[in-house]
Amino acid sequence: MNIQKQLGQRIRELRKLRGLSQEELAEKIDIAINTMSNIERGNAFMTAPTLEKIIEILKVTPSELFTFEKEEKKIDLYKYILIKIDIIKNDMEKLKILKKFIDAIT
């Protein structure tokens, strides 16, 4: 598989991990949704400014974006959990439920 396809798949994984649709990411980086789709499918490459915006919006380092090994999945899962915790940080009831769950598994 070529780097363009690997990068596209990686962007798709990270986008989904962040809970963004293709349309939302395309809007945030100011490109057409069909361009975003082509990038994720590996049918198009992006300009350097677009790449920089993707890195910024997905909150990753360039090395994280260009890491294609399966080992990265554990880090992605951890980041996903942190993102979800951040979403519920102001909901005391959900935080109490989460605390009970964490106490039960640790």
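Here is a short chat about salt bridges in this predicted model.

Mentor: Quick ground rules: residues count from 1 along each chain as its sequence is written, and side-chain values use heavy atoms, with hydrogens and water left out. Local features need pLDDT of at least 70, side-chain atom pairs count only at pLDDT 80 or more, and totals for chains, interfaces and linings use all residues.

Trainee: How many salt bridges does the structure hold?

Mentor: Look for a side-chain nitrogen of Lys or Arg within 4 Å of a carboxyl oxygen of Asp or Glu. Going by that, the structure's total is seven.

Trainee: Is Arg10 buried or exposed?

Mentor: Its side chain meets that of Glu13 in a salt bridge (3.4 Å, N to O). Buried means under 20% relative accessible area, exposed over 50%, and partly exposed in between (1.4 Å probe, protein chains only). Glu13 has 31%, so Glu13 is partly exposed. Arg10 has just 3%, so Arg10 is buried.

Trainee: How many residues apart in sequence are the parts that Arg15 and Glu40 tie together?

Mentor: The side chains of Arg15 and Glu40 form a salt bridge at 2.5 Å, N to O. Arg15 sits in helix H1 and Glu40 in helix H3 (residues 33-41), so the parts they tie together are separated in sequence by 25 residues. Helices here are DSSP runs (H or I, at least four residues), numbered from the N terminus.

Trainee: Hang on, which number was the answer?

Mentor: Fair point, the definition got in the way! The separation in sequence is 25 residues.

Trainee: What is the relative accessible area of Lys89?

Mentor: Lys89 pairs with Asp86 in a salt bridge (3.1 Å, N to O). Asp86 is partly exposed at 45%. Lys89 is partly exposed too, with a value of 46%.

Methods:
Helix = DSSP H or I, 4+ residues; strand = E, 2+ residues; numbered from the N terminus.
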